[in-house]
Amino acid sequence: MNLPKIHSISKKILVGALGAFLSFFLLFHASANLLILRPDGGEWYNAFCHFMGTYVIVKILEIGLFGALLLHAVLAIWLAITNKMARPKGYHKPQRSKTHAGSKLQVWTGILIFVCLIMHFTDFYFVKIGWVKGKYMVQTEELMKVKATQPEAVSYAEQKGELSAKGTWLANFDKEDKVALEAAGLEVEPDFYHQAREKFKILHIVISYLVFFVVVWFHLRHGFAAIFQTFGLYNYKYGKAIEVLGQIYTWVVCLMFTAVVLLVYFGL
Amino acid sequence: MNFTLHIWRQECAHAKGHFETYQIDNISPDCSFLEMLDILNDQLITRSTLNSQLSTTLNSQLSTLNSPITHPVCFDNDCREGICGMCGLYINGRPHGNDDGITTCQLHMRKFHDGDDIWIEPWRAKPFPVIRDLVVDRSALDKIIQAGGYISTTTGGVPDANTIPIPKQDADMAMDAASCIGCGACVAACKNASAMLFVGAKVSHLALLPQGKVEAAERAKKMVCKMDELGFGSCTNTYACEAECPKLIKRQNISRLNRQWIEALFGRDGK
């Protein structure tokens, strides 16, 4: 059986469409991260994480997001391999054409992003699926429900946990606390607010994330305008505007991510 | 001015190539790059003639067997005024050398520094096989044109000017796209050896005008399919092609090609 042939431009269109979806997600992610800066003991941020972790449509979108990420990478690598084959013998002198580094290194920044994502997932997402230990929280509402039957567990939780501003969450539990609370029949969720605040106090993690954001900047700096170009929307009339919009989008997204990490590190 | 030239030498398409180094002295700064190569070739011919006379005299033909290639350096050229698209050399990491908006024949030695090392290579791409030395077979670009880069309808005689009104902006964009001389610098510059700027320009200059608009999407489809079939890489929006195009053709032409490809896939022409 012959696989359907995908022409070069069609492959690019697919990569671009997936890239557009991922770029939009980045803005959403960066905006949500700003909630970490609220001095409310994780009231808002943890409520947001609770919504993201429990709402069915979001869970379906999460699968779509991982699928898009994987397909974007696979198609980009496929393109890179076929493109490499188009020039079996390279030049002796390295190319000196005036092009932006981000566009020349797009595949490499993409691979670096993948490496950085493993670090990011280890810090956060893998905590959610239970592969690594982190910080945990329980809803005070849940706690009240079992107060009559499990008074010891509730008093243990109240003693060890930190209450959020409006008292919705009792958070900042460790792995051992999680085991004890789960044994008492409580529904324990990852506490990404305290997890992030703890991680972003460690210098080498902060530096790693700053490097990550620089790589994302390079990738997005090229990717944003490239999406418009691939869809045939980059024309004489709007070309400059697209470039400017791309720069603004890239800077805004990367600065939002950076601000959270740096402000938490400096205790603001 | 004096230069050390490192030139790619290759006897034929199937031979293994290598760089050979030549010293060339007393070159005028006003000399064009191709004239400088002519001077080098004159020197090589003179040296070769002297060597062969000497070899005959000494009856030592064997000694020439291991000597470097002695024939003049082969390179493409024709009009030498930047309009035919025949010349094309990869000079010190840039197609057509260290200047913007020029062909190799328009490059002058004053653009280099006295004593410079100059590396001269042929265009490198799978669809552009080396024929000899710096000469490559660029007929792949002709094959793309043959695949659909024309108007297939019979349009009759030449109409009077202004019979068909065409907006000035469209006429200008079509003219800019039509200035592509098919030199292949876009392919040579692209890290993926993609011919998208060439195809984009050829598609655009027809698609922007009424006679060519009718078949625009179908034309784009045929030309892109041919481009893929010939082994050119795909565009990853690096725009090295735009930076190196001697006719300063813009990336917007690639965008228009993409748009017409989408139209061909989903629009009326995609049937």
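Me: What percentage of the 271 residues in chain B do buried residues make up?

Reply: The model is a predicted one. Burial is judged by counting the C-beta atoms around a residue, with 20 or more others within 10 Å as the threshold for a buried one. In chain B, 43% of the 271 residues meet that description.

Me: Which helices and strands does chain B hold, in number, and what box do its C-alpha atoms fill?

Reply: Chain B has nine helices and seven strands. Along the principal axes, its C-alpha atoms fill a box of roughly 75 × 40 × 35 Å.

Me: What share of the contacts in chain B with a separation of 6 or more comes from residues 24 or more positions apart?

Reply: Such a figure relates contacts in space to separation along the sequence. For chain B, residues 24 or more positions apart supply 71% of the contacts counted at a separation of 6 or more.

Me: How is chain B divided into domains, and what separates their centres?

Reply: The assignment gives domain 1, residues 3-132, and domain 2, built from 138-153 and 164-270. The C-alpha centres of domain 1 and domain 2 of chain B are 32 Å apart. Their contact involves 18 residues of domain 1 and 17 residues of domain 2. On the domain 1 side, the residues by class are nine nonpolar, six polar and three charged.

Me: How does the domain assignment of chain A read?

Reply: In chain A, domain 1 is assembled from three stretches, 8-86, 103-132 and 196-265, while domain 2 spans 136-190. Their C-alpha centres lie 33 Å apart. The contact between them draws 10 residues from domain 1 and 11 residues from domain 2 of chain A. On the domain 1 side, α2 (43-54) and α5 (106-128) of chain A each give two or more residues. The largest share, five residues, is that of α2(A). By class, this side of domain 1 has two nonpolar, five polar and three charged residues.

Me: How many residues of chain A and of chain B are in contact with each other?

Reply: An interface can be described by residue count, by contributing element and by residue class. Here 37 residues of chain A are in contact with 38 residues of chain B. On the chain A side, α1 (8-33), α3 (56-85), α4 (101-104) and α10 (203-230) each provide at least two residues, and α1(A) has the largest share, with five residues. The chain A side consists of 13 nonpolar, 16 polar and eight charged residues.

Me: In what order do the strands of the open sheet in chain A lie?

Reply: Strands of a sheet pair through backbone hydrogen bonds, in a parallel or an antiparallel manner. The open sheet of chain A has four strands in the order β2-β3-β1-β4, with antiparallel pairing. Its edge strands, β2 (162-163) and β4 (189-190) of chain A, each pair on one side only. Two bridges connect β2(A) with the antiparallel strand β3(A), residues 169-173. Within β3(A), L170(A) is the bridge partner of L163(A).

Me: Why is V138(A) classed as buried?

Reply: V138(A) is buried because 26 other C-beta atoms lie within 10 Å, and 20 or more suffice for that class. This residue belongs to strand β1 of chain A, residues 136-139. Beyond its neighbours within four places in sequence, V138(A) is in contact with L143(A), A157(A), L170(A), L181(A), L186(A), E187(A) and V188(A). V138(A) and G41(A) are 97 residues apart in sequence, with a C-alpha to C-alpha distance of 13 Å.

Methods. Residues are numbered from 1 along each chain as its sequence is written. Chains are lettered from A and ligands numbered from 1 in the order in which they are written. This is a predicted model: local features need pLDDT of at least 70, side-chain atom pairs count only at pLDDT 80 or more; totals for chains, interfaces and linings use all residues. A residue is buried if 20 or more other C-beta atoms lie within 10 Å of its own, exposed if 12 or fewer, and partly exposed in between; C-beta atoms are placed from the backbone. Two residues are in contact if their C-beta atoms, placed from the backbone, lie within 7 Å. Domain bounds come from an automatic or database domain assignment. Ala, Val, Leu, Ile, Met, Phe, Trp, Tyr, Cys and Pro count as nonpolar, Asp, Glu, Lys and Arg as charged, and the others, Gly among them, as polar. Two strands pair if DSSP finds at least two bridges between them.
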